Amino acid sequence: MTANNYVQFFRETSPYIHAHRGKTFVIAISGEAVLEQNFDSIVHDIALMQSLGVHIVLVHGARPQIDQRLQLAELPTSFREQVRITDAAAMQCVKEAVGSTRFQIESALSMGLPNSPMHGARVRVIGGNFITAKPVGVRDGVDFQRAGEIRRIDRSAIQSQLEGGALVLMSSIGFSPTGEAFNLNYHDVATQTAITLNAEKLILVTEASGILDADNNLIRNLSLPDVGDLKATLKNAGSEESATYCLLSAAYQACRNNVDRVHLVGCSEDGSLLRELFTREGCGTLIMQDHSEVIRAASIDDVGGILDLITPLEQQGILVKRSRELLETEISRFMVVVHPEGMLLGCAALYPIVDSDAGELACVATHAEFHNQGIASRLLKCIEKDATENGLKTLFVLTTQTAHWFREQGFVEATVDTLPAEKQSLYNYQRQSRIFSKQL
Ligand SMILES: CC(C)(COP(=O)(O)OP(=O)(O)OC[C@H]1O[C@@H](n2cnc3c(N)ncnc32)[C@H](O)[C@@H]1OP(=O)(O)O)[C@@H](O)C(=O)NCCC(=O)NCCS
C-alpha cells in the first residue's frame with residue numbers, strides 16, 4: 001500500500017471508528033472457526049476493535065471440540081432439534097471441551113509480543129456465571145438430561161464489566177440455581193445476550209461467508225421479511241437442521257427483538273471482520289429490520305459528511321466552493337440521504353430566493369459508490385415536496401455539467417432574465433452555468 005493509499009484508507013475508516021465507539025457488539029464464534037488457521041488473526045482483529053472503544057462480548061461455540069472428546073471417550077452422541085442430548089458422562093466431555101476452547105481464546109487475547117498485532121493491546125478478559133440455565137427436560141418422551149436452555153442473563157453484571165473496559169468472554173454453559181451446569185447452544189447464548197444487552201450488533205462468525213443466493217452469489221443485505229421468507233423456503237425444502245437455517249433463525253430472533261443489525265461473516269478470509277465493520281462495501285451479509293436509507297433534514301453533525309461528499313466535486317469545478325463556516329451557517333437549507341449504517345450517501349440544498357415565490361436547488365450530490373440507485377431522484381422529490389409545502393412555485397438550478405440529469409428530472413432550460421431579480425444580480429457570467437427551471 002502506498003503512503004497516499006494508506007492515508008486515504010485511514011480517513012475512509014474514521015467514520016466507522018466514530019460510529020462504533022462505545023457501542024456494544026456481541027460476537028459469536030463457532031467452534032469450527034476456533035479450529036481455523038486464521039483464528040489468531042480473528043482474535044487480533046477483535047482486540048483491535050476493543051482498543052477502538054467497542055464494547056465486546058465474545059461468545060464461543062465448541063461443537064467439533066465436544067465431538068472429538070466424546071469420540072475419544074467412545075461415548076455415543078445424538079441430537080434432537082439441533083440440541084445435543086447430554087448425559088452426565090457427555091457433560092464431563094462438554095466441560096472439558098468448552099474449558100479448553102475458552103483457554104485457547106483467552107491465550108490468543110493475552111498475546112503481547114513485540115512486532116505482533118497484539119503488541120501493547122492488553123485486553124482484560126472477564127468471564128463468570130452470567131447465565132442462569134434450566135434443563136430442556138423431557139420432550140416427546142426424550143429426556144435431554146444436561147442439555148439446557150437459558151433462563152436469564154445477568155445484564156447489569158455484564159454491562160458493568162464492559163463499562164470498566166473488559167472484554168466479556170462467554171461460553172455455552174449455564175448454571176441452574178440448584179448449582180448444576182447445563183450444556184447450551186452457543187447461538188442461543190449469543191442471541192439472548194445481544195437482546196438482553198440491547199446490543200447494536202450481533203456478529204455471527206462462521207464457516208460460510210454469509211448467505212448465498214441460488215446462483216451462489218453472496219447476498220449483501222437482507223431485511224427482516226426477507227429472512228422470514230428464506231427461512232420458510234428452507235423449512236419447506238426440509239432443511240430446518242441446516243447451518244444456514246440456524247444462522248437465519250438466530251439473526252431473525254435478534255432483529256425482531258431490537259438488535260439493530262446482525263452481520264454474518266466468514267471466518268476463513270483474513271480480515272473479514274474488519275472489512276465487514278469498517279468498510280462501506282463489507283464482505284458478509286447484513287441483516288436488519290429495515291435496510292432502506294433515510295432522507296432527512298441535515299443537522300450540524302452532518303457538516304463533516306457533506307464536506308467529504310462535496311469537496312472532490314468542488315475541486316473538479318462541478319460544484320461551487322463552500323467553506324465549512326458557510327456550510328455550518330446554511331446547514332438548515334440541506335437535506336441528506338443517510339445509509340442505515342449511518343454513512344452520508346447524498347445531499348442537496350434548497351435556498352428560497354428573496355422577494356419571489358421561487359427557490360434555488362443547489363449542491364446536489366450522491367456518493368460516487370452509490371450512483372445510479374435513484375438516490376438523487378428520491379432526494380429531489382423530497383426537496384420539491386418541501387418547497388411546495390413552503391409555498392414555492394418554481395425551482396431553479398444552475399449547472400455546468402449535469403444539464404441532462406436535470407432535464408430528465410423534468411427541468412427545462414431557462415435564461416438569465418427569467419431568474420428572480422435577486423438571483424439575476426448574483427449570476428456569475430464567468431462560470432457560464434446553464435439555468436434550468438421546474439414548475440412545482
Ligand atoms: C448527478 C448526480 C447527483 C446523480 O446522482 P444519482 O444518485 O446517481 O442519480 P439517480 O440514481 O437518481 O439517477 C441516475 C441516472 O442519471 C444519469 N446521470 C447521472 N449523472 C448524469 C449527468 N451528468 N448527465 C446525464 N445523466 C446523468 C445516470 O446515467 C442514471 O441514468 P440511467 O439509470 O438511465 O443510467 C450524481 O451523478 C452526482 O453526484 N454528480 C456530481 C455532482 C453534480 O453534478 N451535481 C449537480 C450539480 S448541482
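Around the ligand in this predicted model there are 19 residues, of which Thr366, His371, Ala376, Ser377 and His404 come nearest. Three elements each give two or more residues to this shell: the strand β22, spanning 358-366, and the helices α13 and α14, spanning 375-389 and 403-408. The largest contribution is that of β22, which supplies four residues. By residue class, the shell around the ligand holds nine nonpolar and ten polar residues, while charged residues are absent from it.

The table lists the elements that give two or more residues to the shell.

| Element | Residues |
|---|---|
| β22 | 358-366 |
| α13 | 375-389 |
| α14 | 403-408 |

How is the chain divided into domains? Domain 1 covers residues 16-288, and domain 2 covers residues 294-439. Between the C-alpha centres of domain 1 and domain 2 the distance is 46 Å.

The remaining values describe the chain as a whole. Taken along the principal axes, the box filled by its C-alpha atoms is roughly 90 × 55 × 40 Å. Its secondary structure consists of 15 helices and 25 strands. The chain has 440 residues, and 36% of them count as buried. Among contacts in the chain with a separation of 6 or more, 70% are made by residues 24 or more positions apart.

How values were computed
Residues numbered from 1 in each chain as written. Predicted model: local features only at pLDDT ≥ 70, side-chain atom pairs only at ≥ 80, totals over all residues. Domains from an automatic or database assignment. Near = placed C-beta within 6 Å. Nonpolar A, V, L, I, M, F, W, Y, C, P; charged D, E, K, R; others polar. Buried ≥ 20, exposed ≤ 12 C-beta atoms within 10 Å, placed from the backbone. Contact = placed C-beta atoms within 7 Å.
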